[in-house]
Amino acid sequence: MAVQLSRLYGVPIRQRPLLLSPLTRRRTAVSQVRAVAKNAQELLKSGEVEAIGPKEAATAINSEGFKLLDIRPAWEWEKARVKESVHVALFVKDEDYGPIGLLKKWVHFGYIGLWTGQYLTTLNPDFIKEVEAAVPDKNTKLLVACGEGLRSLIAVSKLHKEGYKNLGWLAGGFNRTDETDFPSVEGPEKLQYATIGGVSYYFLQLLVLLQAVGKNS
């Protein structure tokens with residue numbers, strides 16, 4: 001079309017890629033995530049993906065052949081993880097250190113990072129490839145899990161689209177578990193507290209201490 005217009009008006013016209021502002025790109029990414037999460041909810045409603053609660057998760061793994069796929073970021077996984085689970089992060093640390101990236105990091109730290117200890121993240125572009133490398137047989141039963149159950153909804157939708165059809169979703173995530181749900185847990189923290197960091201982590205420790213004092217008094 002550009003060539004035709006150039007010939008028509010006698011003026012050379014160069015095609016340039018559409019440049020989107022950082023805000024526009026962020027809004028686009030948010031819209032895409034919402035669409036993926038909505039698709040996952042539809043998969044759950046239709047029964048194509050099975051919702052499995054924390055109390056039933058061990059049975060699903062030990063008796064029904066499900067393999068646990070932990071999609072939390074590396075810093076959450078390092079705190080606590082289920083033994084013999086597969087770990088592939090859906091979100092990874094945002095490594096953009098340009099002016100816009102640094103501004104986003106600063107705003108994130110002020111509003112979220114300081115309180116939660118969470119880094120600014122971005123979708124892992126190699127998520128599907130890494131899952132395929134770890135679990136090449138797409139008929140494998142996968143129980144997809146994260147901290148609160150929201151990120152795993154996105155992962156479920158992506159995996160289903162790529163041919164993984166025997167999927168389960170850990171309803172409520174690891175945050176809803178207790179110490180008896182997954183008996184084989186590795187790491188320095190309790191599984192249900194692995195998403196908690198920053199200032200909120202110290203409030204949690206204070207609460208645990210006060211509860212212990214209350215029981216002993």
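**View 1. Strand 7 and strand 8 pair in the parallel sense.** This close-up of the predicted model shows the pairing of strand 7 and strand 8 over three bridges. Strand 7 spans residues 142–145, and strand 8 spans 167–170. Leucine 143 stands opposite glycine 168 of strand 8. Four residues of strand 8 are buried, and they point two ways. Leu167 and Trp169 point to one side of the strand. Gly168 and Leu170 point to the other.

**View 2. Five strands form an open sheet with parallel pairing.** The strand order is 1-8-7-2-4. Strand 1 (49–52) and strand 4 (86–87) are the edges, each pairing on one side only. Strand 1 joins strand 8 in the parallel sense, over four bridges. There, valine 49 has leucine 167 as its bridge partner. The chain as a whole has nine strands, along with eight helices.

**View 3. Strand 2 pairs with strand 7 and with strand 4.** Strand 2 covers residues 67–70. Its pairing with strand 7 is parallel and runs over four bridges. With strand 4 the pairing is also parallel, over two bridges. Aspartate 70 has a partner in each neighbour: alanine 145 stands opposite in strand 7, and histidine 87 stands opposite in strand 4. Leucine 69 has valine 86 of strand 4 as its bridge partner.

**View 4. Leucine 68 is a buried residue of strand 2.** Its relative accessibility is 4%, so leucine 68 falls under the 20% cut-off for burial. Leaving aside residues up to four places away in sequence, leucine 68 touches Ile61, Val82, Ser85, Val86, Leu143, Ala145, Phe174 and Phe182. Lysine 141 lies 73 residues away along the chain from leucine 68. The C-alpha atoms of leucine 68 and lysine 141 are separated by 8.6 Å.

**View 5. Phenylalanine 174 and phenylalanine 182 form an edge-to-face pair.** The structure holds one aromatic pair. The ring centres of phenylalanine 174 and phenylalanine 182 are 5.9 Å apart. Their planes meet at 70 degrees, so the pair counts as edge-to-face. Phenylalanine 174 and phenylalanine 182 are both buried. Both also touch leucine 68.

**View 6. Helix 7 lies across four strands of the sheet.** Helix 7 comprises residues 151–161. The strands it lies across are strand 1, strand 2, strand 7 and strand 8. Helix 7 runs at about 175 degrees to strand 8. Nine of its 11 residues are buried, so helix 7 is largely enclosed by the rest of the structure. The buried set is Arg151, Ser152, Leu153, Ile154, Ala155, Val156, Ser157, Leu159 and His160. Glycine 163 follows helix 7. The phi of glycine 163 is positive, near 105 degrees.

**View 7. Helix 6 has a buried side and a face turned away from it.** Helix 6 spans residues 127–134. Phe127, Ile128 and Val131 are buried. These residues cover an arc of only 95 degrees around the axis, which puts them on the same side of helix 6. The buried residues of helix 6 pack against strand 2 and helix 7. Lys129 and Ala133 are exposed, and they sit on the face turned away from the buried side.

**View 8. The whole chain puts the close-ups in context.** The protein chain has 217 residues, of which 35% count as buried. Among contacts with a separation of 6 or more, 71% come from residues 24 or more positions apart. The chain exposes about 13,800 Å². Carbon and sulfur atoms supply 57% of that area.

Methods. Residues numbered from 1 in each chain as written. Predicted model: local features only at pLDDT ≥ 70, side-chain atom pairs only at ≥ 80, totals over all residues. Heavy atoms only, no water. Pairing = 2+ DSSP bridges. Contact = heavy atoms within 4.5 Å. Axes fitted to C-alpha atoms, helices over the stretch in contact; angles between N-to-C directions. Buried < 20%, exposed > 50% of the residue type's maximum accessible area, 1.4 Å probe, protein only. Areas by Shrake-Rupley, 256 points an atom, 1.4 Å probe, with all protein chains shown as cover. Arc of directions from axis to C-beta. Phe/Tyr/Trp six-rings, centres within 6.5 Å; stacked < 30°, edge-to-face > 60°.
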